[in-house]
Amino acid sequence: MPSATSSIPTPPEPTPTPGPRSVWWFSDGKPGHVSQVRGLVNALRTLGHFDLIEFDCARGAPAATRRRAERAARGGRTAPPLIVGAGRRTHRAMRAAGRKTRGLTVVLMNPVWPTGHRKRGFDLYVVPEHDAVSPAADVIQTVGALNPLTADGAHDPSRGVMLVGGPSRRYRWDGNATLDRLRTVVGRSGTITRWAATSSRRTPAAAESALATLGAAVTFTPAAETPRGWVADALADAGTAWVTEDSVSMVFEALTAGCRVGLLPLPRVPGLGERFLGWGPNRVTAGVHRLVERGLVTRYDDWAAGAALTRPDPPLAEAQRVAECVWDRWRARA
């Protein structure tokens, strides 16, 4: 599915010298990780001024990135930087930068190995609550992963968005049922006269062809043809969003944008623990269930039976909440 984020800022050359206050962004270039850190950085900008410096861990060896960070640390630093990142490829360079600068290190990840052993070396961990990490002084739990959207859009009640995913390791694809449900949504949402729809990289080609036939009220743009920022703009314009259950990040983006969110079901693939050990649903599926229980999203079957889609009140603003917590810790470190 198209990203709702803008590109990573181009780092200044030669090796940058941090200003009085600087945020060092260690990036592995993966869209999901970029989106999370971008959300935090954007929210931090509402709290105060800082220079943003990127260290690209996607290109070149991690050791080279660490050396570049160490050279920057020997520059004209007057305050410890805030060091943020997501993705395992960034971790060694972030830890090295933190040691050299006394900067506050914030990593967006689960701090526990699968074996249950605690990871060390970072000051704060930003963790979605569906990871089921025990509360701790160095853990900030969030409702879903962070993203850069806000609820400042127009949210025209006559406009809607359809975000359609595809098969994944957690969900199977049922194209006929999904298309039938979308046709019902269009037919029964009388106040919504214009729909913008898109697919994802996982959507089968046959399903994309069918999405283009939903009717005159629906403008379908395949994922491969959407410009950068398409999803963010569509969610800002629309009052309602329907999202397939597999597209978890899009569900949280729609909630953060302030839309009423309907959830389109897909057949779930039971994990090995469910099939052989009697465990409950996987952590991501369980997180979606919690959204339903809290009334933040409405399942298609409940809507078809008469339940109304409700706008989250207040909209999710997890990036802002985390930014305020991080900012306070950073000021204490200076």
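Two strands count as paired if DSSP finds at least two bridges between them. I worked from a predicted model, and I began with the pairing around β6.

**Entry 1: the β5-β6 pair**

I looked up strand β5, residues 124-128, and found four bridges joining it to β6. The two strands run parallel. Within this pair I noted valine 126, which stands opposite isoleucine 140 of β6.

**Entry 2: the whole sheet**

I then asked in what order the strands of the open sheet lie. The order is β2-β1-β3-β4-β5-β6, six strands with parallel pairing. I marked β2 (51-56) and β6 (139-142) as the edge strands, since each pairs on one side only. Ignoring direction, I have neighbouring strands turned by 20° against each other on average. As background, I note that strands of a sheet pair through backbone hydrogen bonds, in either a parallel or an antiparallel way.

**Entry 3: helices on the sheet**

Which strands does helix α1 touch? I list β1 (22-27), β2, β3 (82-85) and β4 (104-108) as its contacts. Helix α1 covers residues 31-45, packs on the sheet, and has a direction at about 170° to that of β1. I next checked helix α3, residues 91-101, and found that it lies across β1, β3 and β4. Helix α3 runs at about 175° to β3.

**Entry 4: chain totals**

I took the totals for the protein chain next. The secondary structure comes to 11 helices and 12 strands. Of the 334 residues, 51% are buried. I put the exposed area of the chain at about 15200 Å², with carbon and sulfur atoms supplying 51% of that area. For contacts between residues at least 6 apart in sequence, I recorded that 68% join residues at least 24 apart.

**Entry 5: salt bridges**

I searched the whole structure for salt bridges and got nine. I wrote up some of them below.

Arginine 194 and aspartate 156 form one, with the closest N and O atoms 3.6 Å apart. Arginine 194 is in strand β8 (residues 194-198) and aspartate 156 is in strand β7 (residues 156-163), so this pair ties together parts 38 residues apart in sequence. I asked whether arginine 194 is buried or exposed. Arginine 194 is partly exposed, because its relative accessible area of 41% falls between the cut-offs of 20% and 50%. Aspartate 156 is also partly exposed, at 26%.

Arginine 183 and aspartate 180 meet through their side chains at 3.3 Å, N to O. I placed both in helix α4 (residues 175-188), three residues apart, which is about one turn of the helix. Arginine 183 has a relative accessible area of 39% and is partly exposed; aspartate 180, at 47%, counts as partly exposed too.

Aspartate 328 forms a salt bridge with arginine 331, and I have 3.4 Å between the closest N and O atoms. How far apart are aspartate 328 and arginine 331 in helix α11? They are three residues apart, so about one helical turn separates them in this helix of residues 318-333. Aspartate 328 is partly exposed, with a relative accessible area of 44%.

I closed the search with a network of salt bridges that links Glu129, Arg290 and Arg294.

Note on methods
Residues numbered from 1 in each chain as written. Predicted model: local features only at pLDDT ≥ 70, side-chain atom pairs only at ≥ 80, totals over all residues. Heavy atoms only, no water. Axes fitted to C-alpha atoms, helices over the stretch in contact; angles between N-to-C directions. Contact = heavy atoms within 4.5 Å. Buried < 20%, exposed > 50% of the residue type's maximum accessible area, 1.4 Å probe, protein only. Areas by Shrake-Rupley, 256 points an atom, 1.4 Å probe, with all protein chains shown as cover. Salt bridge = Lys/Arg side-chain N within 4 Å of Asp/Glu carboxyl O.
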